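User: Please take a close look at the cysteines of this protein and at whether any of them are paired, and then set that part in the context of the rest of the chain.

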Amino acid sequence: DGSRKTVSVPKGTTVLEAAHANEVDLEGACEASLACSTCHVVLSQDVYDKIDEPSEKEEDLLDLAPCLTSTSRLSCQVTVDENLRGKEVELPAMTLNFYVDGHVPTPH
């Protein structure tokens with residue numbers, strides 16, 4: 001909705017944990033087990049360039065995220081440090097949770 005919320009969390013907290021601790025509406029359906037893309041966030045190019053690169057597994061999950069950008073990350077994989085001090089993290093316009101949004105798993 002375009003609103004902004006300033007939060008303060010200890011260094012070492014993930015962006016997902018920070019969101020949940022501060023009542024920011026960021027899903028995280030897999031509880032940070034790196035099994036979904038519902039905690040997808042968009043970082044500024046400046047922040048994206050300063051943090052560790054995403055793993056191959058994270059990149060594969062991001063491919064499933066709607067509203068993907070070149071600076072998208074899973075917030076469960078981004079740890080708060082000096083690089084995020086005073087920076088904005090943007091939530092995409094939507095997320096997909098396959099188990100809530102109509103996916104019916106089938107046995108293999």
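Analyst: A disulfide is taken here as a pair of cysteine sulfur atoms within 2.5 Å. By this rule the predicted model has zero disulfides.

C76 shows how the rule works out, because its sulfur has its closest cysteine sulfur in C39, at 3.8 Å, which is too far for a bond. C76 itself counts as buried, with a relative accessibility of 9%, the cut-off for that class being under 20%. C67, by contrast in its class, is partly exposed, its relative accessible area being 37%, and so it falls between the limits of 20% and 50%.

The chain around these cysteines can be described as follows. Its secondary structure amounts to three helices and three strands, which come in the order α-β-α-α-β-β along the sequence. Of the 108 residues in the protein chain, 34% are buried, and the chain exposes about 7,200 Å², of which carbon and sulfur atoms supply 48%. When contacts between residues at least 6 apart in sequence are considered, 67% of them join residues that are at least 24 apart.

The loop between α1 and β1 deserves attention for its backbone, since E31 and L34 both lie there. E31 has a phi near 55°, a positive value in a residue other than glycine, and L34, also not a glycine, has a positive phi of about 60°. Their surroundings can be read from their accessibility: E31 is exposed, with a relative accessible area of 71%, whereas L34 counts as buried at 17%.

The elements on either side of this loop also take part in the largest pocket, whose volume is about 1,200 Å³. This pocket is lined by 34 residues, and those closest to its centre are K5, V7, K87, E88 and V89. Helix α1 (15–21) and strand β1 (40–43) each supply at least two residues of the lining, as does strand β3 (89–90). In chemical character the lining divides into 16 nonpolar, six polar and 12 charged residues.

To return to the request, the model contains zero disulfides by the distance rule, and for C76 the reason is that the sulfur of C39, the closest cysteine sulfur, is 3.8 Å away.

Key. Residues numbered from 1 in each chain as written. Predicted model: local features only at pLDDT ≥ 70, side-chain atom pairs only at ≥ 80, totals over all residues. Heavy atoms only, no water. Buried < 20%, exposed > 50% of the residue type's maximum accessible area, 1.4 Å probe, protein only. 1 Å grid on protein atoms, 1.4 Å probe; cavity = no way out; pocket = protein on both sides within 12 Å on 5 of 7 lines; lining within 4 Å. Points joined across faces, edges and corners; volume = space filled by probe spheres on them. Helix = DSSP H or I, 4+ residues; strand = E, 2+ residues; numbered from the N terminus. Nonpolar A, V, L, I, M, F, W, Y, C, P; charged D, E, K, R; others polar. Contact = heavy atoms within 4.5 Å. Areas by Shrake-Rupley, 256 points an atom, 1.4 Å probe, with all protein chains shown as cover.
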